[in-house]
Every structure is written in structure tokens, then in C-alpha cells.
Amino acid sequence: MNELWVNGVRHALEVDQTTPLLWVLRDHLNLTGTKYGCGMAVCGACTVHVDGAPTRSCVTPLAAVAGKAVTTIEGLSADASHPVQQAWVEHDVPQCGYCQSGQIMAAAALLAENPAPTDADIDAAMTNICRCGTYLRIRSGIHRAAELAREA
Amino acid sequence: MNRRHFLRASATSAGGLLLSFHLPALATARPFEAAGEGEEINAWLTIAADDAITIRVAQSEMGEGVFTSLPMIVADELGADWSNVRAEYADPNRSLREDGVYQRMGTGGSRAVRHSLPYLLAAGANARERLLLAAARRWGVPAGECKAANSVVTHNDKTLRFGQLAAAAAAVTVEEAPLKPAAERTLIGTSQRRLEVPAKVDGSAAFSMDVRLPGMVYAAVKHCPVIGGTVKSVDAAALASAPGAPQVVKLGHAVAVVADSYWQAQSAVDALPVAWDNGPGAGGDSQAWRAEFAAALDEPGVVAAEQGDVGAAFAAAESTIEADYFAPYLAHACMEPLNCTVHVQAHRADIWTGMQNPEAAMAVGAEVTGLPAEAIYPHNCFLGGGFGRRLNTDWIREALVIGQQVERPVQLIWSRAEDTRQGFFRPMSALRFKAGFDADGKPIGYANHSVTHSILAGVRPDAVATGIDPSSVEGLANLPYAIANTQVSHTIRNTHLTTWFWRSVGATQNAFARECFIDEMAAHAGQDPFDFRRALLGAEHGDTLRVLAMLEEKSDWGRALPPGRGQGMAVFEAFGSVAGQVAEVSVSQSGDVKVERVVCVLDCGNVVNPLTVEEQIEGGVVYGLSAALFGKITVADGAVAESNFHDYPVMRMTDMPVVETHLALAGGDKWGGVGEPGLPPAAPAVCNAIWRATGKRVRSLPIADLDLSWT
Ligand code: FES
Ligand code: FES
């Protein structure tokens, strides 16, 4: 029996310890907002926060998050009110949307560390792939989210 | 600000924002579940008592914005209050049962808006007339004196909301529903944010991999590494003690494993010993194919277009130039790997997948299960990218075959490696060009021969009976440049790989090669590439000339640049639209290329939603740049070598240029495509810019494979 804390809720699971967190979230907890893109930490679609740090859940075994707090897109805010989510809607960032949970989680983690990132900071932190090519709107969305957080 | 501060700030900002910023409440999280509450006014829309309007979308939402642009068309004609409109998928099964009520449901060829415009306007007009008639009857006034706007019908000072009229409107019949004059439209042509975006920022938007059904199990698959090969034998006993009760399903060309969770299924299929018969493609090698394609350029092709006497022109020419170009196979690499959930029962089969062609899915469902097509229920989902790949049905067929054997709902997921390797690639192509010039540098002869793997040979063999695949000579056979003597010929050369429609199809490789060679011709003639093209474009290419004029101005064409930096341009007409681009690149002395800026001018005639048009151009440029800079699928011993984004790299944030989009719209009756036209000019504009930066011509893609160092 494994204990897992996700979005502030404790789960007790009978799942093999080596199972990647991504599939535990998706298939055992039905938290399907976190996406599978590559399975080898190269695309970022599966990004979640583990104790606040952006983490690629597809290569994170369940055992590695024991006793830690996992936050997924579903838990980023109760009502899509996180500044990154607001800015994403305002700037119409998503196209197909499939990469966007990961992009939003990566952007939220960046802003938590660095409330006023430069374009170079964004280039360095935002390594997630978007095949629809929404990068410019992701960039402007991050600047807008930083602004929203400051305004508040 | 530390993290705790930030979180507090976020919490406050949320409260403040709610006052200033409206989040649409009617986001569509599960597009396939008809929530259409209230009265169905006609097959295309429902109106609820609270005035909420649900508009049905018969095309696939894969990022191109049809969940917004198509409802805008209906809503404008209807006189709807846009802030209370939501979208959901139209039901393909109903369309089959009701004589094609949703018309063509496939989404491809950048046709969604331009093909459905007339019947979506008609659907909106029909619903509006019903509402007007219902109100007129209630008030005892002529319907012609009533007006509908903002979801309210008015007559003098009397008003009724659409929601109050919905039931009566559903019951009336209308004879005729004339369209509004275009001048009375208020929505079409305005920038509107996407309706489904709220569901795409909180994880609730349902892609097909997010489908969850009671009792559902998962399947993972391993295909023969050589496309066209088959399973010789499987040692299913090796999984006897594996967790998740894995069940092996043989698919002929692949094996699947079904288990309680995807990870168990994938781990089991990875571990499963399979012996393959690699089939006729066993020895395939993309290096060798490239040499064969090049050799075929030396042989005569089938003439696709001809004018004058190109041989005589070359003989009389003062000078000639020649160049060979090459473009590799490419994968679509949609962000969401292929996946499909099915529930096959004795009396019906349900299919949940992100699909570009639900009618083909029904046909495959009927074929595999033996049920009538009316018993096949496809449920389209949000597509995590389509780019043409999801026009096919190969993975749907696999899921259905698996579903027949498990008697439970089953979700099949292809790993990224399977998705990258198992085909339906953008074709490989070799292209040769020759041009002859008179003493004044005017082109008097132009010959082009292309050798390309045919897409249509595998889909509609009758379409290539002449020896020419029309999709392979797009932009080549219909050369816009007026040169007195031209010959365009083509050779089909297929390998064992399977090819398919890839965002902008033949235009991808043809725009690259043609527009780079035209640039070589301009340079040879000592002319500016804008001026050179203009001199060859007749009055019938007025749209292209207008695009070029705006492009030259908006791009600061010809501005002074330091060594290692250059501008390049290209223009291409396809899918009913003209797109021109200027790229500005910098190339380090060691040869590293950075695309700094891309200016795009588009003429798609008219626009429904300028915001999504801009987004599609940006997306098309990025998709085109990924291919130009990095994209190649290679084959050794018959098997595709690339498997994932580490060896099939694509554009990331740090690679991004500034992208500017400008519209030079022809207006009138012209409606051109948008999803694809932004892509073709990207590669040639960048390659032509690299030449100006380095003096080196790029004649083979991807750019990353070339030595572009300079001193
Ligand atoms: S799925 Fe985890 S990084 Fe791609
Ligand atoms: S929005 Fe489609 S992959 Fe990013």
C-alpha cells in the first residue's frame, strides 16, 4: 500500500512502486489533465509540481514522491483563477491544448521562483514542446501572468 | 517575492480579476457528450430556457479553431448573443441516419470554413426565421416586422428572449430563410477568443486519451519494426506471471497487450518476445533511396505541364543554371500520441478518438465488426494535434480488433516510439530545376522534374493512373511565373513506407524547392527577388502581387544587415490562399542558424475570426520551421530510426523567431484556407535568407544536417 498526496488529498494505492507518477495520476486517480507526450522527459507534457518544483511525471516513479506534495493542473487553483490560467485565457494561448497543462505548470513554477522573468529566463525555463507552435503566446502569457500577480 | 508571497498574491488577484475579466461559464470540457440542453431548433443548434445556445460543429477541433469560427458563422446569421454560445460536436451517426444532415464531416485541406460557410449560414438563418415566426404568431404581427439580435426578438417595444421562444420555434416550419446582407453581420470578421480555451487551462478538456469508462482496460501495441512486415510468432506464455492479467492480441502486423492499466500493458508488450517476418521492406535504406531518387531524375518523367519548346529555349539561351533539391520523409509527431477507446458490443460499437474523418471511422467500424454502419457510434474528442495524421483510421481499426476480443471498453495507446515510427509519413522527394536566360537576364526556359513517393497511390490508385500524383506536383505543374518555354515532369517512386497527407501536403517540399530555385534564378539575373517575381506574374496573379507589395513594406525588405545575417523571401499559393513570407536569420561563423523574425502576409480572401487566423499562421510557421531546421525520418534495415523528440527534434521556445502576421485580403467572394497556407513559404524564406547571410545555398533539408559555417 502506497500513500500519495495529490492536490492536498491523501490517496492509499495498491500500485507497483516503479510505476511512473504520470500513469498513477491518469489511470489510478483519473486525474487526466496531466498528459503523456513522450515518456522520456523530453517534451514536458506531463509536468506537475512535486513540493513546488516542476517535475516530469513520466519518468518519476511513484516511490520517488512518497511523503511529498504533488500538485497537478487540476489542483493549481480551485477555479482556474491562477494568474497563469487567467493570462492563458486572456491571450488565447492554447490551440489543440494538449501540451498546455504541462506548459501552465512549468510557467507557474517559473513565476513562483522568478516573479518577473525576462525573455531569456523564459527561454531557459520553458523547454516544453508545443507542436501547434503557441510559443509566442506562451511567452506573452507569462509576462501577462507576472503582471496580474503584481497588480493583485 | 518568495513563493508564499506569490501564492497569496495569486489568491488575491483571482478575486480582483473576477470583476474585470469574464471567464466564459459554458466551456466545453467534453465535446462529445451532447449536453445541448433545451429545444433543438434545427440539427445545428439548441436553445435553452436561459438563452444558452449550443451550436454543433461537424469539423474536428485540432487547434485550428473550428469550435469558435464555425459557431460564429451560425451565431451571426442567427442574431445570437455570442457571450452565451457554446459548441459541441455534431453526431456522425445521426448524420448517417438523417441523410447527411451534417454534410461532409472530414476535416482536411484547410476547407472547414470555406466549404461549410453556405450551409452554416443557412442553418443560422433557418433558426432565426423560426424564432421570428414564433414571436410573430405570439404577438399576431407579420414576421417580416420582427427583428432578431443579441438573442432577443423585437417588434416595436415588444421583446421576447430566444429562450422564451425556443419551444415554439422548434415546432414551426419555415419555407424560406433568406441570408442577411453581409453588411448586417456583426460577428464574422471580428476577433473572438476560442470558446473551449477555459477547458484547456484547467485540465478538464477531454482528449480521447482522457476517456474513462466503467470497467475499461488498457492496451499497448508493438508493430513490426519494418512497415509491411508481420508477426511470425509470439511467446504469450512469457507474460503468464506479469501483473495486470495481460492478454495478448495478435493483429497480423502487430501485437497488442491488454491489461488493467496502461503502464502494465506497455511494460508487458515491451517485454513480450515476438518474432517478426519483416516482409518486402526488410532491406530498405533511406540513403540508398535518396541515391535512387536522384538517379531517377536523370530519366525522363511523365510530363505534367508543358508550354513552348524548352529544349530549343535552352539551346538558344545565353546562360543556364541547374540545381537539385531534396526533401526527406517526415513524421506528423502530433503532441498527443495516437490512441482510441472502443466498446464493441453485439448490437453496437462505440469509438472515442480524436479523428479528422468520423465517416471513415464508421466505415472501418462496420467493416471490422460486421455491424451495419448505423450501429457504429464515433464520439469525436478534442484532437491533440491532427496535421493530417488523424485523417487516417489505422489505429482505430486496431482498437476495434482488440475491442472485439475483450468484451469490455478498451483504450489503446500508442507509445511515442510507435507513433513516430509507424508511418504515414510526408513523402520523400528529389527535385531538379533548370533555367535558361537571354542576354538581358530574362528567363526564357524553365524545366523541372520531381521524383516523389506518391500519397494517392496508396489511397486512390486510379488518381495516379497517368503516372502523376496531382498532390505531388502542387505548385510545380501550376507554376505561377510566366516563362515562355516550360516543361514540368514527374516520376512516382515508392518505397515500402506508407505516406500520407501532412500539413499542406505536396506544397511543403515543392514550395521549398521551387521558391529557392526562383531565388537562385533572381540572383543569376542580378535582380531583387521581389522585382524578379513581379516581372513574371501576370495580372491574373493580382492577389499574389498585392501580397508581395505588403510583404516588401512590412518586412523592411532590403534593410542593411551585418555579416552573418540575412533576409529571404518566398511566396506560395495553395488551398485557395496566397501566403508570402520574409525570414530574417542569423548564422554564426560556425554555422548555427537562428531564425530571428518571420513576417507573413496572407490573402485568404475573407476571414471569420482574425485571431485564430493569426494563430494558425504562427502555428504553420513553427510547424514549417521544425521541418526545415530539424525534420527527417530515416530508415535502416527497413526500420525507421527516429523514435521520439530526442532524435526527431522540433522547435522549442528558445528557437522561436518573432512572427508577424498581416492580412492582404482580396474580399469579394474569395474564401481561402488558413490552416495550411502559412507553412509552405517558411522553409524557402529561411533558406534564401541563409544564402544572403552566408553565401551558401540550402538545397537539402533538414538545415541542421548542413555545414553552414562561413568566414
Ligand atoms: S511525457 Fe513526460 S516529458 Fe514528455
Ligand atoms: S497547443 Fe497543441 S501542442 Fe501545444
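These are my notebook entries on a predicted model with chains A and B.

**Entry 1: where the two chains meet**

I began with the contact between the chains. I counted 67 residues from chain B and 60 residues from chain A in the contact. The size of an interface is often given as the accessible area lost when the parts come together. For chain B and chain A, I found that about 5700 Å² is buried between them, and 63% of that area sits on carbon and sulfur atoms.

Next I looked for polar partners. I found 27 residue pairs in polar contact across the interface of chain B and chain A. Which parts of chain B supply at least two residues each to the side that touches chain A? I listed helix 1 (3-20), helix 6 (262-271), helix 15 (610-630) and strand 27 (658-663). Helix 15 of chain B gives the most, with nine residues. I then sorted the chain B side by class and got 36 nonpolar, 17 polar and 14 charged residues.

I also searched the interface for salt bridges, and the rule gave me seven. I looked up the pair B:Asp210 and A:Lys35, which form a salt bridge with their closest N and O atoms 2.5 Å apart.

**Entry 2: salt bridges in the whole structure**

I widened the search to the whole structure and found 50 salt bridges over all chains. I picked three pairs to look at by eye.

My first pick was A:Glu3 with A:Arg10, whose side chains meet at 2.6 Å, N to O. Buried, exposed or partly exposed: how does A:Glu3 count? A:Glu3 has 38% relative accessibility, so I noted it as partly exposed. A:Arg10 has 45%, so I noted it as partly exposed too.

My second pick was B:Arg194 with B:Glu615, a salt bridge at 2.7 Å, N to O. B:Arg194 sits in the loop between helix 5 (162-171) and strand 8 (217-223) of chain B, while B:Glu615 sits in helix 15 of chain B, so this pair ties together parts 421 residues apart in sequence. I checked burial as well: B:Arg194 is buried with a relative accessible area of 2%, and B:Glu615 is buried with 0%.

Both residues turned up again in a network of salt bridges. I wrote down its members as A:Asp92, A:Arg137, B:Glu61, B:Arg194, B:Glu614, B:Glu615 and B:Glu618.

My third pick was B:Arg416 with B:Asp419, which meet in a salt bridge at 3.5 Å, N to O. How many residues apart are B:Arg416 and B:Asp419 in helix 11 (residues 416-421) of chain B? They are three residues apart, so about one helical turn separates them. B:Arg416 is buried at 1% relative accessible area, and B:Asp419 counts as buried at 8%.

**Entry 3: helix 9 of chain B**

I turned to helix 9 (residues 358-369) of chain B, which has twelve residues. From its first C-alpha to its last, helix 9 reaches 16 Å, close to the 16 Å expected at 1.5 Å a residue. I listed the buried residues of helix 9: B:Pro358, B:Ala361, B:Met362, B:Val364, B:Gly365, B:Ala366, B:Val368 and B:Thr369.

What do these buried residues pack against? I found helix 3 (92-97), strand 15 (339-344), strand 16 (349-353), strand 17 (376-380) and helix 10 (394-406) of chain B. Just after helix 9, I spotted B:Gly370 with a positive phi of about 80°.

**Entry 4: two buried strand residues**

One partner of helix 9 is strand 16 of chain B, so I looked up B:Thr353, which lies in that strand. B:Thr353 is buried, with a relative accessible area of 0%. Among the residues that B:Thr353 touches, I noted B:Ser208, B:Cys340, B:His379, B:Trp395 and B:Ile396.

I finished with B:Gln411, in strand 18 (residues 410-413) of chain B. B:Gln411 counts as buried at 0% relative accessibility. Its contacts include B:Ser208, B:Met209, B:Tyr218, B:Cys340 and B:Thr341. Which side chain makes a polar contact with the side chain of B:Gln411? I found B:Thr341, at 3.0 Å. I also looked up a distance: B:Gln411 and B:Ile633 are 222 residues apart in sequence and 28 Å apart in space, C-alpha to C-alpha.

Notes. Residues are numbered from 1 along each chain as its sequence is written. Chains are lettered from A and ligands numbered from 1 in the order in which they are written. This is a predicted model: local features need pLDDT of at least 70, side-chain atom pairs count only at pLDDT 80 or more; totals for chains, interfaces and linings use all residues. Side-chain values use heavy atoms; hydrogens and water are left out. Helices (H or I, at least four residues) and strands (E, at least two) are DSSP runs, numbered from the N terminus. The expected span of a helix is 1.5 Å times one less than its number of residues. Buried means under 20% relative accessible area, exposed over 50%, partly exposed in between (1.4 Å probe, protein chains only). Contact means heavy atoms within 4.5 Å. Buried area is the accessible area (1.4 Å probe) that two parts lose on being put together, summed over both. A salt bridge is a side-chain nitrogen of Lys or Arg within 4 Å of a carboxyl oxygen of Asp or Glu. A polar contact is a pair of N or O atoms within 3.5 Å; within protein, one must be able to donate a hydrogen and the other to accept it, and residues adjacent in sequence count only if both atoms are side-chain atoms. Ala, Val, Leu, Ile, Met, Phe, Trp, Tyr, Cys and Pro count as nonpolar, Asp, Glu, Lys and Arg as charged, and the others, Gly among them, as polar. Lists of a residue's contacts leave out its neighbours within four places in sequence.
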